[in-house]
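Reader: Please take a close look at the charged side-chain pairs in this model, and then relate them to the other local features. How many salt bridges does a search of the whole structure find?

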Amino acid sequence: MRNEFKIIKNKEEILRYIEQIKLDRFNFEGQKKIKSSKVAIIGLGGLGCTAALYIVASGLGEITLIDYDTVMLSNLSRQILHHDIDINRSKVYSAAEDLSKINPHCIINVVNDKLEKDNILEIIRRQTVIIDCSDNITTREQINYLCSVFKIPLVFGAAIRMEGYLSTFNWLPDNPCFRCISRFFNHIDYNCIGQGIMSPIVGVIGAMQSLEALKLLTNYGNQFTSSLLIYDGFNLEFNQIKINKDNNCTVCN
Ligand SMILES: [Zn+2]
């Protein structure tokens, strides 16, 4: 018991996570792994707000929030860490403030900047898992490439209209990366502003992204690799399609 107390600082933290700690084969070991992990979330919109909320509440040790955007009134219906008082404020600071209240034990870093900047590579290198909550294919391709450089597991999520998508890329030699399947998304402009979105769709996918990230951090459950989840909220259907590695992929080969 003494070792658990060293990493999970005090009795208050053990009580905070007790229902997770009770999970069979998860136990203190799983909780300690979450506590010693670093996760970066790219994009603090609808997906990112939900993913950040759950992974921080679950006991993550350190989170890095990356976004250069500011909060707008039209974001508030689905970007649940931002509030009226945050309009025109940087999303990363708005999200960080709420997250610090949700779990004061998590170290929160903010990067109020675009991905192109030189320092991003060093930030990515330090992470245990990256969660891609961005909203355009160019950024997603950049994130995928940066993760491939350091072989950092990547949890991909996307949401539009009444649909959601999810996959995990773990850089094992036979598994595909986002680049291998990006053609599936060429016809979709993810940007909610263009095509509309039902607010809870981002909540469903964002929460699932945080769960897949927790599973990667703790090696708990089955990793959702080489598959794409397609969530049809209109008919309440979850479908999975098998995705293969593209042998001509310029990123993962
Ligand atoms: Zn690839």
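Author: Searching the whole structure yields 15 salt bridges, each defined as a side-chain nitrogen of Lys or Arg within 4 Å of a carboxyl oxygen of Asp or Glu. The model is predicted, so local features need pLDDT of at least 70 and side-chain atom pairs count only at pLDDT 80 or more, while totals for chains, interfaces and linings use all residues. Residues are numbered from 1 along each chain as its sequence is written, and side-chain values use heavy atoms, with hydrogens and water left out.

One of the salt bridges joins Glu13 to Lys35, with 3.0 Å between the closest N and O atoms. Glu13 belongs to helix α2 (residues 11–16) and Lys35 to helix α4 (residues 27–35), so this pair ties together parts that are 22 residues apart in sequence. Helices here are DSSP runs of H or I with at least four residues, strands are runs of E with at least two, and both are numbered from the N terminus. Glu13 and Lys35 are both buried; buried means under 20% relative accessible area, exposed over 50%, and partly exposed in between, with a 1.4 Å probe and protein chains only.

Helix α4 also holds a salt bridge between Glu29 and Lys32, whose closest N and O atoms are 3.1 Å apart. These two residues are 3 apart in the helix, and are therefore separated by about one helical turn. An α-helix has 3.6 residues a turn, so residues three or four places apart point the same way. Glu29 is partly exposed, at 44% relative accessible area, whereas Lys32 is buried at 13%.

The salt bridge between Glu19 and Lys22, at 2.9 Å from N to O, has exposed residues at either end: Glu19 has a relative accessibility of 53% and Lys22 a relative accessible area of 56%. Elsewhere, salt bridges link Asp86, Arg89, Glu97 and Lys101 into a network.

Asn88 has a positive phi near 75 degrees. Asn88 sits in the loop between β2 (62–66) and α6 (91–102) and is exposed, with 63% relative accessible area. Most residues other than glycine have a negative phi, and most peptide bonds are trans. Asn219 also takes a positive phi, of about 55 degrees, just after α11. Asn219 is in the loop between α11 and β7 (227–232) and is exposed. Helix α11 (residues 199–218) has 20 residues and reaches 30 Å from first to last C-alpha, close to the expected 28 Å, the expected span being 1.5 Å times one less than the number of residues.

There remains the metal site. Cys177, Cys180, Cys249 and Cys252 coordinate the zinc ion through their SG atoms at 2.2 to 2.3 Å; donors are N, O and S atoms within 2.8 Å of the metal (3.2 Å for Na, K and Ca), and since water is not among the atoms, sites may look incomplete. Along the chain, the donors follow the spacing C-x2-C-x68-C-x2-C. The 4 donor atoms subtend angles of 97 to 122 degrees, which makes the arrangement tetrahedral, a label that requires all angles among four donors to lie between 85 and 135 degrees. Of these ligands, Cys177 and Cys180 are buried.

Methods: Four donors count as tetrahedral if all angles lie between 85 and 135 degrees; four count as square planar and six as octahedral if opposite donors are over 155 degrees apart and all others between 65 and 115; anything else is irregular.
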